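User: Please take a close look at one part of this model, how its pieces are arranged, and then add what you can on the contact between domains.

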Amino acid sequence: MSDKEMNKIANRQVMCEVLTEAGKKSKDLLVLTSDSRGSASLVPFAEALPKQMIEVGIAEQNIVSIAAGLAHSGKRPFVASPAAFLSMRSIEQVKVDVAYSNTNVKLVGISGGVSYGSLGMSHHSLQDIAVTRAIPNLQVLLPADRHETKAMFQALTHSDQPAYIRLGRNPVQDCYSDANYGFEIGKAVTMKEGTDVVLIATGETVRIALDTAENLMKDNISCKVLNIHTIKPIDKEAILSAAKETGLVVSIEEHSIFGGLGGAVAEVLSEVADVIHKIIGIPDEPAVTGTGLEIFTHYGLEPKSFGKIVKEMVAQKHDKTGV
Amino acid sequence: MNELQKKALEIRKDVWRMIKNAKTGHTGSDLSCADILVSLYYHVLNVDPKNPKADDRDRYVQSKGHAVEVYWAILADKGFISKEELATYSQYGSRLIGHPNNKVPGVEMNTGSLGHGLAVSVGIALAAKLDQRSYQTYTLLGDGELAEGSVWEGAMAAANYQLDNLTAIIDRNGLQITGKSEEVMRVEPLKEKWEAFGWQVLEVADGNDIESLIRAFETPHEEGKPKMILAHTVKGKGVAFAENVAAWHHKVPTDEQYEEALVSLNQQLEVLEK
(Lines give C-alpha, C1' and ligand atoms only; values in the text may rest on other atoms or scores of the structure.)
Protein backbone atom coordinates (compact mmCIF):
# COMPACT_ATOMS: atom_id res chain seq x y z
CA MET A 1 0.00 0.00 0.00
CA SER A 2 1.44 3.40 -0.95
CA ASP A 3 1.83 6.22 1.55
CA LYS A 4 -1.00 8.04 -0.15
CA GLU A 5 -3.43 5.33 0.83
CA MET A 6 -2.18 4.93 4.40
CA ASN A 7 -4.70 5.83 7.07
CA LYS A 8 -3.55 8.86 9.07
CA ILE A 9 -6.28 8.84 11.71
CA ALA A 10 -5.37 7.29 15.06
CA ASN A 11 -7.93 5.23 16.92
CA ARG A 12 -7.81 7.67 19.85
CA GLN A 13 -8.96 10.48 17.56
CA VAL A 14 -11.94 8.40 16.54
CA MET A 15 -12.68 7.71 20.23
CA CYS A 16 -12.73 11.47 20.82
CA GLU A 17 -15.17 12.01 17.94
CA VAL A 18 -17.55 9.32 19.19
CA LEU A 19 -17.40 10.52 22.80
CA THR A 20 -17.91 14.15 21.79
CA GLU A 21 -20.95 13.25 19.75
CA ALA A 22 -22.40 11.09 22.55
CA GLY A 23 -21.48 13.70 25.17
CA LYS A 24 -23.45 16.35 23.33
CA LYS A 25 -26.52 14.13 23.59
CA SER A 26 -26.03 13.24 27.26
CA LYS A 27 -24.56 15.45 29.97
CA ASP A 28 -24.01 12.33 32.05
CA LEU A 29 -21.25 11.16 29.73
CA LEU A 30 -17.99 12.32 31.30
CA VAL A 31 -14.36 11.99 30.36
CA LEU A 32 -11.69 11.86 33.07
CA THR A 33 -8.02 12.39 32.33
CA SER A 34 -4.85 12.21 34.40
CA ASP A 35 -2.97 15.04 32.71
CA SER A 36 -3.50 12.87 29.64
CA ARG A 37 -6.03 14.73 27.48
CA GLY A 38 -3.35 15.47 24.88
CA SER A 39 -2.00 11.92 24.79
CA ALA A 40 -5.56 10.66 24.52
CA SER A 41 -6.44 13.13 21.71
CA LEU A 42 -9.28 14.37 23.89
CA VAL A 43 -8.61 18.10 23.60
CA PRO A 44 -11.52 18.56 21.14
CA PHE A 45 -13.84 16.91 23.69
CA ALA A 46 -12.56 19.25 26.41
CA GLU A 47 -13.12 22.26 24.16
CA ALA A 48 -16.60 21.21 23.07
CA LEU A 49 -17.80 19.98 26.47
CA PRO A 50 -15.65 21.60 29.17
CA LYS A 51 -18.14 20.78 31.93
CA GLN A 52 -18.00 17.09 31.06
CA MET A 53 -14.22 16.89 31.21
CA ILE A 54 -12.84 16.12 34.67
CA GLU A 55 -9.11 16.61 35.14
CA VAL A 56 -7.71 14.54 38.00
CA GLY A 57 -4.01 15.29 37.63
CA ILE A 58 -1.29 12.66 37.63
CA ALA A 59 -3.06 10.33 40.06
CA GLU A 60 -4.11 7.09 38.44
CA GLN A 61 -5.49 5.51 41.60
CA ASN A 62 -7.60 8.57 42.28
CA ILE A 63 -8.96 8.79 38.74
CA VAL A 64 -10.44 5.30 38.96
CA SER A 65 -12.00 5.76 42.41
CA ILE A 66 -13.45 9.14 41.47
CA ALA A 67 -14.87 7.66 38.27
CA ALA A 68 -16.44 4.86 40.32
CA GLY A 69 -18.07 7.42 42.63
CA LEU A 70 -19.38 9.36 39.64
CA ALA A 71 -20.74 6.19 38.02
CA HIS A 72 -22.41 5.21 41.29
CA SER A 73 -24.20 8.55 41.13
CA GLY A 74 -25.58 7.96 37.63
CA LYS A 75 -22.76 9.32 35.47
CA ARG A 76 -21.18 7.45 32.55
CA PRO A 77 -17.47 8.09 32.99
CA PHE A 78 -14.76 7.22 30.45
CA VAL A 79 -11.32 7.27 32.04
CA ALA A 80 -8.48 7.86 29.58
CA SER A 81 -5.04 7.28 31.01
CA PRO A 82 -1.90 5.53 29.74
CA ALA A 83 -2.49 1.76 29.66
CA ALA A 84 0.80 1.09 31.43
CA PHE A 85 -0.42 2.96 34.53
CA LEU A 86 -4.15 2.34 34.36
CA SER A 87 -3.65 -1.41 34.24
CA MET A 88 -1.02 -1.53 36.99
CA ARG A 89 -0.95 1.50 39.30
CA SER A 90 -4.75 1.61 39.47
CA ILE A 91 -5.52 -2.06 39.31
CA GLU A 92 -6.76 -2.42 42.86
CA GLN A 93 -9.14 0.49 42.38
CA VAL A 94 -10.27 -1.24 39.19
CA LYS A 95 -10.83 -4.48 41.07
CA VAL A 96 -12.61 -3.04 44.10
CA ASP A 97 -14.25 0.25 43.13
CA VAL A 98 -15.18 -0.67 39.56
CA ALA A 99 -15.49 -4.44 39.20
CA TYR A 100 -16.53 -5.39 42.73
CA SER A 101 -18.82 -2.45 43.39
CA ASN A 102 -20.05 -2.88 39.79
CA THR A 103 -19.83 0.72 38.70
CA ASN A 104 -20.28 1.55 35.03
CA VAL A 105 -16.78 2.87 34.38
CA LYS A 106 -15.07 2.55 31.02
CA LEU A 107 -11.31 2.37 31.46
CA VAL A 108 -9.48 3.38 28.30
CA GLY A 109 -5.82 2.43 28.36
CA ILE A 110 -4.23 4.74 25.83
CA SER A 111 -0.81 4.28 24.19
CA GLY A 112 -1.10 0.58 24.93
CA GLY A 113 1.33 -2.23 24.19
CA VAL A 114 4.64 -0.83 22.95
CA SER A 115 3.19 2.44 21.66
CA TYR A 116 5.65 4.29 23.88
CA GLY A 117 8.34 2.17 22.25
CA SER A 118 11.49 3.99 23.25
CA LEU A 119 10.37 4.89 26.77
CA GLY A 120 11.11 1.51 28.26
CA MET A 121 9.32 -1.09 30.31
CA SER A 122 7.78 1.47 32.69
CA HIS A 123 5.71 2.77 29.77
CA HIS A 124 5.06 -0.49 27.93
CA SER A 125 1.79 -2.23 28.77
CA LEU A 126 2.34 -5.86 27.86
CA GLN A 127 0.61 -7.41 30.85
CA ASP A 128 -2.63 -5.44 30.79
CA ILE A 129 -4.76 -8.06 29.06
CA ALA A 130 -3.61 -10.76 31.47
CA VAL A 131 -4.33 -8.62 34.51
CA THR A 132 -7.66 -7.15 33.46
CA ARG A 133 -9.18 -10.30 32.10
CA ALA A 134 -8.66 -12.08 35.42
CA ILE A 135 -10.92 -9.56 37.15
CA PRO A 136 -14.57 -10.65 37.37
CA ASN A 137 -17.24 -8.43 35.88
CA LEU A 138 -14.80 -6.53 33.66
CA GLN A 139 -14.96 -6.69 29.86
CA VAL A 140 -11.70 -6.40 27.91
CA LEU A 141 -11.61 -5.00 24.39
CA LEU A 142 -9.08 -3.98 21.73
CA PRO A 143 -10.13 -2.43 18.40
CA ALA A 144 -8.31 -3.42 15.22
CA ASP A 145 -8.60 -0.13 13.37
CA ARG A 146 -10.37 3.23 13.29
CA HIS A 147 -13.62 1.76 11.97
CA GLU A 148 -13.77 -0.82 14.72
CA THR A 149 -12.87 1.87 17.24
CA LYS A 150 -15.89 3.83 16.09
CA ALA A 151 -18.26 0.88 16.29
CA MET A 152 -16.82 -0.23 19.62
CA PHE A 153 -17.07 3.15 21.33
CA GLN A 154 -20.58 3.65 20.01
CA ALA A 155 -21.48 0.35 21.66
CA LEU A 156 -19.63 1.28 24.87
CA THR A 157 -21.51 4.56 25.25
CA HIS A 158 -24.66 2.45 25.53
CA SER A 159 -23.38 -0.40 27.66
CA ASP A 160 -23.88 -0.59 31.42
CA GLN A 161 -20.97 -2.87 32.24
CA PRO A 162 -17.46 -1.97 33.36
CA ALA A 163 -14.82 -2.42 30.67
CA TYR A 164 -11.13 -2.00 29.95
CA ILE A 165 -10.30 -0.93 26.41
CA ARG A 166 -6.74 -0.80 25.11
CA LEU A 167 -5.88 1.65 22.34
CA GLY A 168 -2.59 2.10 20.51
CA ARG A 169 -1.04 5.49 19.92
CA ASN A 170 -0.42 5.62 16.19
CA PRO A 171 -2.74 5.28 13.20
CA VAL A 172 -3.13 1.72 11.99
CA GLN A 173 -3.86 0.61 8.48
CA ASP A 174 -7.54 -0.12 7.92
CA CYS A 175 -8.88 -3.63 8.37
CA TYR A 176 -12.48 -2.70 7.57
CA SER A 177 -13.88 -0.42 4.89
CA ASP A 178 -16.35 1.19 7.30
CA ALA A 179 -17.89 0.80 10.75
CA ASN A 180 -21.11 -0.81 9.60
CA TYR A 181 -20.19 -4.48 9.77
CA GLY A 182 -22.34 -5.40 12.75
CA PHE A 183 -19.95 -4.95 15.67
CA GLU A 184 -21.13 -6.63 18.82
CA ILE A 185 -19.29 -6.81 22.16
CA GLY A 186 -18.21 -10.42 22.70
CA LYS A 187 -18.70 -11.50 19.09
CA ALA A 188 -15.54 -12.35 17.13
CA VAL A 189 -15.29 -11.26 13.50
CA THR A 190 -14.17 -13.59 10.72
CA MET A 191 -12.08 -11.26 8.60
CA LYS A 192 -11.22 -13.88 6.01
CA GLU A 193 -12.17 -17.50 5.39
CA GLY A 194 -9.51 -20.19 5.03
CA THR A 195 -8.97 -23.91 5.52
CA ASP A 196 -5.33 -24.68 6.47
CA VAL A 197 -4.93 -22.57 9.59
CA VAL A 198 -6.73 -19.94 11.62
CA LEU A 199 -4.81 -16.84 12.56
CA ILE A 200 -6.30 -15.30 15.69
CA ALA A 201 -5.44 -11.69 16.38
CA THR A 202 -6.55 -8.69 18.39
CA GLY A 203 -5.99 -4.94 18.19
CA GLU A 204 -3.11 -3.87 16.03
CA THR A 205 -2.07 -7.40 15.14
CA VAL A 206 -5.26 -8.00 13.13
CA ARG A 207 -3.76 -6.09 10.21
CA ILE A 208 -0.59 -8.20 10.46
CA ALA A 209 -2.66 -11.38 10.36
CA LEU A 210 -4.58 -10.13 7.31
CA ASP A 211 -1.38 -9.20 5.44
CA THR A 212 0.17 -12.53 6.37
CA ALA A 213 -2.87 -14.40 5.08
CA GLU A 214 -2.68 -12.51 1.82
CA ASN A 215 1.03 -13.21 1.41
CA LEU A 216 0.61 -16.91 2.09
CA MET A 217 -1.93 -17.31 -0.68
CA LYS A 218 1.09 -17.28 -3.03
CA ASP A 219 2.29 -20.39 -1.23
CA ASN A 220 -1.11 -22.01 -1.57
CA ILE A 221 -1.76 -21.74 2.13
CA SER A 222 -5.29 -20.84 2.98
CA CYS A 223 -5.58 -18.84 6.23
CA LYS A 224 -8.73 -18.02 8.09
CA VAL A 225 -8.41 -14.79 10.10
CA LEU A 226 -10.37 -14.29 13.29
CA ASN A 227 -10.46 -10.91 15.01
CA ILE A 228 -11.03 -11.23 18.74
CA HIS A 229 -11.82 -7.59 19.49
CA THR A 230 -13.40 -8.69 22.78
CA ILE A 231 -11.01 -10.77 24.82
CA LYS A 232 -13.56 -10.97 27.59
CA PRO A 233 -16.19 -12.26 27.31
CA ILE A 234 -14.41 -14.35 24.69
CA ASP A 235 -16.29 -15.81 21.74
CA LYS A 236 -15.72 -19.49 22.54
CA GLU A 237 -17.91 -20.75 19.74
CA ALA A 238 -16.08 -18.83 17.05
CA ILE A 239 -12.71 -20.06 18.32
CA LEU A 240 -13.80 -23.67 18.68
CA SER A 241 -15.42 -23.86 15.28
CA ALA A 242 -12.44 -22.20 13.56
CA ALA A 243 -10.07 -24.58 15.36
CA LYS A 244 -12.12 -27.61 14.37
CA GLU A 245 -12.32 -26.45 10.75
CA THR A 246 -8.56 -26.05 10.38
CA GLY A 247 -6.96 -28.10 13.18
CA LEU A 248 -4.28 -25.43 13.54
CA VAL A 249 -4.37 -22.13 15.43
CA VAL A 250 -1.68 -19.46 15.49
CA SER A 251 -2.42 -16.47 17.68
CA ILE A 252 -0.59 -13.16 17.51
CA GLU A 253 -0.67 -10.28 19.96
CA GLU A 254 1.12 -7.16 21.17
CA HIS A 255 1.31 -8.55 24.70
CA SER A 256 3.31 -10.92 26.84
CA ILE A 257 2.97 -14.50 25.69
CA PHE A 258 1.61 -15.16 29.18
CA GLY A 259 -2.04 -14.63 29.90
CA GLY A 260 -3.08 -12.49 26.96
CA LEU A 261 -4.98 -13.37 23.80
CA GLY A 262 -2.94 -16.55 23.36
CA GLY A 263 -3.66 -17.59 26.92
CA ALA A 264 -7.35 -16.88 26.54
CA VAL A 265 -7.51 -18.87 23.29
CA ALA A 266 -5.54 -21.74 24.84
CA GLU A 267 -8.03 -21.91 27.71
CA VAL A 268 -10.81 -22.39 25.18
CA LEU A 269 -8.83 -24.93 23.13
CA SER A 270 -7.94 -26.96 26.19
CA GLU A 271 -11.43 -28.41 25.90
CA VAL A 272 -10.80 -29.96 22.47
CA ALA A 273 -8.38 -32.59 21.23
CA ASP A 274 -6.26 -32.59 18.07
CA VAL A 275 -5.75 -28.87 17.70
CA ILE A 276 -2.25 -27.42 17.58
CA HIS A 277 -1.92 -23.89 18.91
CA LYS A 278 1.12 -21.63 18.78
CA ILE A 279 1.24 -18.35 20.70
CA ILE A 280 3.14 -15.47 19.15
CA GLY A 281 3.71 -12.36 21.24
CA ILE A 282 6.35 -10.63 23.33
CA PRO A 283 8.55 -13.10 25.23
CA ASP A 284 8.96 -13.00 28.99
CA GLU A 285 11.54 -10.22 29.15
CA PRO A 286 11.63 -6.43 29.40
CA ALA A 287 10.84 -5.62 25.77
CA VAL A 288 13.52 -4.01 23.63
CA THR A 289 13.11 -0.31 22.95
CA GLY A 290 12.81 1.62 19.70
CA THR A 291 9.91 2.63 17.50
CA GLY A 292 6.82 0.48 17.66
CA LEU A 293 7.65 -0.93 14.24
CA GLU A 294 11.21 -1.75 15.29
CA ILE A 295 9.95 -3.58 18.35
CA PHE A 296 7.33 -5.47 16.33
CA THR A 297 10.01 -6.44 13.83
CA HIS A 298 12.41 -7.49 16.58
CA TYR A 299 9.87 -9.97 17.91
CA GLY A 300 8.60 -11.14 14.54
CA LEU A 301 5.28 -9.36 14.79
CA GLU A 302 5.22 -8.49 11.07
CA PRO A 303 3.92 -10.38 8.05
CA LYS A 304 7.25 -11.75 6.87
CA SER A 305 8.44 -13.41 10.09
CA PHE A 306 4.94 -14.30 11.15
CA GLY A 307 4.26 -15.82 7.73
CA LYS A 308 7.35 -17.98 8.07
CA ILE A 309 6.14 -19.36 11.38
CA VAL A 310 2.65 -20.00 10.03
CA LYS A 311 4.11 -21.78 7.02
CA GLU A 312 6.21 -24.03 9.26
CA MET A 313 3.24 -24.82 11.43
CA VAL A 314 1.09 -25.69 8.42
CA ALA A 315 3.87 -27.98 7.12
CA GLN A 316 4.11 -29.67 10.53
CA LYS A 317 0.38 -30.18 10.56
CA HIS A 318 0.42 -31.77 7.13
CA ASP A 319 3.32 -34.05 8.13
CA LYS A 320 1.43 -35.12 11.19
CA THR A 321 -1.94 -35.66 9.59
CA GLY A 322 -0.64 -36.68 6.18
CA VAL A 323 -3.06 -34.31 4.50
CA MET B 1 -29.07 12.89 73.53
CA ASN B 2 -29.75 10.37 76.26
CA GLU B 3 -31.61 8.24 73.70
CA LEU B 4 -28.65 8.27 71.30
CA GLN B 5 -26.27 7.29 74.10
CA LYS B 6 -28.53 4.38 74.98
CA LYS B 7 -28.69 3.45 71.30
CA ALA B 8 -24.89 3.40 71.11
CA LEU B 9 -24.77 1.03 74.10
CA GLU B 10 -27.37 -1.28 72.57
CA ILE B 11 -25.44 -1.31 69.30
CA ARG B 12 -22.26 -2.15 71.23
CA LYS B 13 -24.05 -5.13 72.75
CA ASP B 14 -24.99 -6.31 69.24
CA VAL B 15 -21.36 -5.96 68.16
CA TRP B 16 -20.06 -8.05 71.08
CA ARG B 17 -22.68 -10.73 70.42
CA MET B 18 -22.03 -10.90 66.68
CA ILE B 19 -18.28 -11.21 67.10
CA LYS B 20 -18.55 -13.75 69.89
CA ASN B 21 -20.92 -15.93 67.86
CA ALA B 22 -19.05 -15.64 64.57
CA LYS B 23 -15.68 -15.95 66.33
CA THR B 24 -14.35 -13.20 64.07
CA GLY B 25 -14.53 -9.44 63.82
CA HIS B 26 -12.84 -6.14 64.49
CA THR B 27 -14.03 -5.50 68.02
CA GLY B 28 -11.85 -2.55 68.96
CA SER B 29 -12.37 -0.80 65.64
CA ASP B 30 -16.16 -1.18 65.84
CA LEU B 31 -16.35 0.16 69.36
CA SER B 32 -14.20 3.21 68.69
CA CYS B 33 -16.43 4.41 65.84
CA ALA B 34 -19.81 3.26 67.21
CA ASP B 35 -20.73 6.74 68.43
CA ILE B 36 -19.76 8.28 65.08
CA LEU B 37 -22.06 5.85 63.26
CA VAL B 38 -24.88 6.38 65.76
CA SER B 39 -24.56 10.16 65.29
CA LEU B 40 -24.69 9.73 61.54
CA TYR B 41 -27.51 7.20 61.27
CA TYR B 42 -29.77 8.50 64.04
CA HIS B 43 -29.30 12.23 63.61
CA VAL B 44 -27.30 13.42 60.61
CA LEU B 45 -27.99 11.28 57.54
CA ASN B 46 -31.07 11.70 55.42
CA VAL B 47 -31.62 8.05 54.54
CA ASP B 48 -34.76 5.95 54.34
CA PRO B 49 -34.65 2.21 54.99
CA LYS B 50 -37.85 1.85 52.95
CA ASN B 51 -36.27 3.58 49.97
CA PRO B 52 -32.54 2.96 50.27
CA LYS B 53 -31.81 4.15 46.72
CA ALA B 54 -33.78 7.41 46.90
CA ASP B 55 -32.23 10.00 44.60
CA ASP B 56 -31.87 12.67 47.25
CA ARG B 57 -30.51 10.43 50.01
CA ASP B 58 -27.28 11.32 51.74
CA ARG B 59 -24.43 8.98 50.89
CA TYR B 60 -22.21 7.26 53.44
CA VAL B 61 -19.10 5.33 52.41
CA GLN B 62 -17.27 3.44 55.13
CA SER B 63 -13.65 3.59 54.10
CA LYS B 64 -12.49 1.75 57.21
CA GLY B 65 -14.50 -1.21 56.02
CA HIS B 66 -13.25 -3.66 58.63
CA ALA B 67 -15.38 -2.02 61.33
CA VAL B 68 -18.34 -3.69 59.72
CA GLU B 69 -20.11 -5.37 62.63
CA VAL B 70 -21.20 -2.01 64.02
CA TYR B 71 -22.39 -1.07 60.53
CA TRP B 72 -24.48 -4.25 60.16
CA ALA B 73 -25.92 -3.77 63.64
CA ILE B 74 -27.02 -0.22 62.80
CA LEU B 75 -28.45 -1.14 59.39
CA ALA B 76 -30.47 -3.86 61.12
CA ASP B 77 -31.66 -1.56 63.89
CA LYS B 78 -32.68 1.07 61.32
CA GLY B 79 -34.60 -1.54 59.34
CA PHE B 80 -32.49 -1.76 56.19
CA ILE B 81 -32.19 -5.46 57.00
CA SER B 82 -33.87 -7.59 59.63
CA LYS B 83 -32.47 -8.03 63.13
CA GLU B 84 -32.61 -11.79 62.63
CA GLU B 85 -30.20 -11.53 59.71
CA LEU B 86 -27.45 -10.36 62.07
CA ALA B 87 -27.15 -13.95 63.24
CA THR B 88 -25.87 -14.88 59.75
CA TYR B 89 -22.93 -12.51 60.00
CA SER B 90 -19.79 -14.09 58.54
CA GLN B 91 -21.52 -17.39 57.81
CA TYR B 92 -21.17 -19.26 54.53
CA GLY B 93 -23.25 -17.56 51.86
CA SER B 94 -24.41 -14.67 54.05
CA ARG B 95 -24.39 -11.20 52.50
CA LEU B 96 -23.28 -9.86 55.88
CA ILE B 97 -19.61 -10.45 55.16
CA GLY B 98 -16.58 -9.07 56.95
CA HIS B 99 -16.60 -5.81 55.00
CA PRO B 100 -19.31 -3.52 53.60
CA ASN B 101 -21.12 -5.23 50.74
CA ASN B 102 -23.40 -3.31 48.39
CA LYS B 103 -25.71 -6.29 48.03
CA VAL B 104 -26.99 -5.18 51.45
CA PRO B 105 -29.60 -2.39 51.24
CA GLY B 106 -28.15 0.87 52.51
CA VAL B 107 -24.56 0.12 51.55
CA GLU B 108 -23.38 2.39 48.74
CA MET B 109 -20.00 0.95 47.83
CA ASN B 110 -17.93 -2.12 48.55
CA THR B 111 -14.89 -1.35 50.64
CA GLY B 112 -12.35 -3.37 52.56
CA SER B 113 -9.07 -2.39 51.04
CA LEU B 114 -8.05 0.77 52.87
CA GLY B 115 -7.57 4.11 51.19
CA HIS B 116 -10.44 3.86 48.70
CA GLY B 117 -13.42 5.45 50.41
CA LEU B 118 -12.36 9.07 50.31
CA ALA B 119 -11.64 9.14 46.57
CA VAL B 120 -14.87 7.28 45.80
CA SER B 121 -16.72 9.82 47.95
CA VAL B 122 -15.05 12.60 45.99
CA GLY B 123 -16.66 11.14 42.86
CA ILE B 124 -20.06 10.90 44.56
CA ALA B 125 -19.87 14.47 45.88
CA LEU B 126 -18.61 15.75 42.54
CA ALA B 127 -21.60 14.19 40.79
CA ALA B 128 -23.89 16.14 43.16
CA LYS B 129 -22.08 19.35 42.25
CA LEU B 130 -22.31 18.65 38.52
CA ASP B 131 -26.03 18.01 38.77
CA GLN B 132 -26.69 20.70 41.39
CA ARG B 133 -28.18 18.19 43.77
CA SER B 134 -28.35 18.81 47.47
CA TYR B 135 -27.41 15.45 48.98
CA GLN B 136 -24.40 15.29 51.29
CA THR B 137 -21.62 12.72 51.17
CA TYR B 138 -19.91 11.31 54.27
CA THR B 139 -16.99 8.95 54.63
CA LEU B 140 -15.29 7.41 57.66
CA LEU B 141 -11.56 6.74 57.71
CA GLY B 142 -9.36 5.02 60.23
CA ASP B 143 -6.19 6.69 61.43
CA GLY B 144 -3.91 3.81 60.45
CA GLU B 145 -5.48 4.08 57.00
CA LEU B 146 -3.94 7.52 56.58
CA ALA B 147 -0.63 5.86 55.68
CA GLU B 148 -2.21 4.91 52.32
CA GLY B 149 -1.07 7.38 49.67
CA SER B 150 -4.41 7.21 47.88
CA VAL B 151 -6.04 8.98 50.86
CA TRP B 152 -3.98 12.05 50.05
CA GLU B 153 -4.80 11.88 46.35
CA GLY B 154 -8.45 12.01 47.36
CA ALA B 155 -7.79 14.80 49.87
CA MET B 156 -6.15 16.90 47.18
CA ALA B 157 -8.95 16.36 44.69
CA ALA B 158 -11.74 17.14 47.21
CA ALA B 159 -10.24 20.56 47.86
CA ASN B 160 -9.46 21.12 44.19
CA TYR B 161 -13.10 20.53 43.22
CA GLN B 162 -14.25 22.67 46.21
CA LEU B 163 -16.47 19.93 47.57
CA ASP B 164 -18.25 21.69 50.40
CA ASN B 165 -20.84 18.92 50.24
CA LEU B 166 -18.36 16.32 51.48
CA THR B 167 -17.58 15.47 55.10
CA ALA B 168 -14.88 13.00 56.11
CA ILE B 169 -14.41 11.72 59.63
CA ILE B 170 -11.18 10.27 61.00
CA ASP B 171 -11.66 7.75 63.79
CA ARG B 172 -8.50 8.82 65.58
CA ASN B 173 -8.14 6.12 68.19
CA GLY B 174 -4.36 6.10 67.96
CA LEU B 175 -4.00 2.33 67.67
CA GLN B 176 -3.73 -0.16 64.85
CA ILE B 177 -2.94 -3.87 64.64
CA THR B 178 0.74 -3.55 65.41
CA GLY B 179 0.47 -0.94 68.13
CA LYS B 180 0.41 2.85 68.43
CA SER B 181 -0.31 4.48 65.09
CA GLU B 182 2.28 7.17 65.67
CA GLU B 183 4.90 4.48 66.16
CA VAL B 184 3.83 2.39 63.18
CA MET B 185 3.86 5.41 60.87
CA ARG B 186 3.77 8.98 62.05
CA VAL B 187 0.77 10.80 60.60
CA GLU B 188 0.74 13.89 62.85
CA PRO B 189 0.28 16.79 62.70
CA LEU B 190 -3.10 15.80 61.29
CA LYS B 191 -5.02 19.03 61.71
CA GLU B 192 -2.29 21.04 60.00
CA LYS B 193 -1.90 18.45 57.26
CA TRP B 194 -5.57 18.48 56.31
CA GLU B 195 -5.71 22.25 56.54
CA ALA B 196 -2.67 22.47 54.28
CA PHE B 197 -4.54 20.24 51.83
CA GLY B 198 -7.33 22.83 51.77
CA TRP B 199 -9.82 21.30 54.19
CA GLN B 200 -11.84 22.81 56.98
CA VAL B 201 -10.84 20.79 60.05
CA LEU B 202 -12.94 20.39 63.19
CA GLU B 203 -11.32 18.56 66.05
CA VAL B 204 -13.55 16.68 68.45
CA ALA B 205 -11.64 16.12 71.68
CA ASP B 206 -13.97 13.32 72.79
CA GLY B 207 -14.94 11.48 69.64
CA ASN B 208 -17.09 9.09 71.67
CA ASP B 209 -19.27 11.93 72.88
CA ILE B 210 -22.30 12.03 70.63
CA GLU B 211 -23.22 15.60 71.54
CA SER B 212 -19.78 16.89 70.50
CA LEU B 213 -19.88 14.84 67.32
CA ILE B 214 -23.27 16.20 66.32
CA ARG B 215 -22.09 19.73 66.97
CA ALA B 216 -19.22 19.11 64.56
CA PHE B 217 -21.53 17.56 61.97
CA GLU B 218 -23.89 20.52 62.26
CA THR B 219 -21.16 23.13 61.92
CA PRO B 220 -21.67 24.50 58.41
CA HIS B 221 -19.08 23.90 55.72
CA GLU B 222 -16.84 26.82 54.91
CA GLU B 223 -17.71 27.76 51.37
CA GLY B 224 -15.76 25.77 48.82
CA LYS B 225 -14.05 23.52 51.37
CA PRO B 226 -14.55 19.87 52.21
CA LYS B 227 -14.91 19.28 55.95
CA MET B 228 -12.84 16.95 58.10
CA ILE B 229 -13.98 15.90 61.54
CA LEU B 230 -10.96 14.71 63.44
CA ALA B 231 -12.56 12.63 66.17
CA HIS B 232 -10.29 11.56 69.02
CA THR B 233 -11.76 8.25 70.06
CA VAL B 234 -10.96 5.33 72.31
CA LYS B 235 -10.35 1.99 70.68
CA GLY B 236 -12.50 -0.68 72.30
CA LYS B 237 -14.66 2.03 73.92
CA GLY B 238 -17.29 0.94 76.41
CA VAL B 239 -15.71 -2.06 78.05
CA ALA B 240 -12.75 -1.34 80.32
CA PHE B 241 -10.61 -4.37 79.53
CA ALA B 242 -10.80 -3.72 75.79
CA GLU B 243 -10.17 0.00 75.88
CA ASN B 244 -6.93 1.31 74.38
CA VAL B 245 -5.52 -2.17 73.83
CA ALA B 246 -4.18 -2.72 70.30
CA ALA B 247 -4.73 -6.47 70.53
CA TRP B 248 -8.50 -5.85 70.66
CA HIS B 249 -8.28 -4.57 67.06
CA HIS B 250 -9.65 -7.91 65.97
CA LYS B 251 -9.73 -9.99 69.10
CA VAL B 252 -12.65 -12.34 69.72
CA PRO B 253 -14.01 -12.42 73.29
CA THR B 254 -14.11 -15.57 75.36
CA ASP B 255 -17.46 -16.49 76.95
CA GLU B 256 -16.30 -14.90 80.22
CA GLN B 257 -15.16 -11.71 78.51
CA TYR B 258 -18.43 -11.53 76.65
CA GLU B 259 -20.40 -11.84 79.88
CA GLU B 260 -18.24 -9.21 81.51
CA ALA B 261 -18.71 -6.86 78.55
CA LEU B 262 -22.49 -7.27 78.68
CA VAL B 263 -22.59 -6.64 82.42
CA SER B 264 -20.58 -3.46 81.94
CA LEU B 265 -22.72 -2.22 79.04
CA ASN B 266 -25.94 -3.03 80.91
CA GLN B 267 -24.72 -1.12 83.95
CA GLN B 268 -24.04 1.90 81.75
CA LEU B 269 -27.53 1.56 80.30
CA GLU B 270 -29.04 1.49 83.80
CA VAL B 271 -27.25 4.71 84.68
CA LEU B 272 -28.74 6.36 81.59
CA GLU B 273 -32.21 5.03 82.41
CA LYS B 274 -32.24 6.83 85.73
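Analyst: In this predicted model, helix H8 of chain B (residues 210-218) lies across four strands of chain B: E2, E3 (166-172), E6 and E7 (227-232). Relative to E7(B), helix H8(B) runs at about 170°.

The strands under discussion belong to an open sheet of 5 strands in chain B, ordered E1-E2-E3-E7-E6, with parallel pairing. Its edges are strand E1 (59-62) and strand E6 (200-204) of chain B, each of which pairs on one side only. From one strand to the next, the twist averages 20°. At the E1 edge, 4 bridges join E1(B) to strand E2(B) (residues 137-142), and the two run parallel. Within that pairing, B:Arg59 has B:Thr137 in E2(B) as its bridge partner.

As for the domain contact, chain A is assigned domain 1 (3-166) and domain 2 (189-321). The centres of these two domains of chain A are 26 Å apart, taken over C-alpha atoms, and the contact takes 28 residues from domain 1 and 30 residues from domain 2. Together the two domains of chain A bury about 2000 Å², with 57% of it on carbon and sulfur atoms. On the domain 1 side, A:Val114, A:Leu126 and A:Arg133 lose the most area to domain 2, together 32% of what that side buries. A:Arg133 also forms a salt bridge with A:Glu267, at 2.7 Å from N to O. The interface between the two domains of chain A holds 2 salt bridges by the rule and 16 residue pairs in polar contact. Helix H6 of chain A gives the most to the side of domain 1 that touches domain 2, with 4 residues.

Note on methods:
Residues numbered from 1 in each chain as written. Chains lettered and ligands numbered in written order. Predicted model: local features only at pLDDT ≥ 70, side-chain atom pairs only at ≥ 80, totals over all residues. Heavy atoms only, no water. Pairing = 2+ DSSP bridges. Axes fitted to C-alpha atoms, helices over the stretch in contact; angles between N-to-C directions. Contact = heavy atoms within 4.5 Å. Domains from an automatic or database assignment. Buried area = accessible area lost by both parts, 1.4 Å probe. Salt bridge = Lys/Arg side-chain N within 4 Å of Asp/Glu carboxyl O. Polar contact = N/O pair within 3.5 Å; in protein donor to acceptor, adjacent residues only side chain to side chain.
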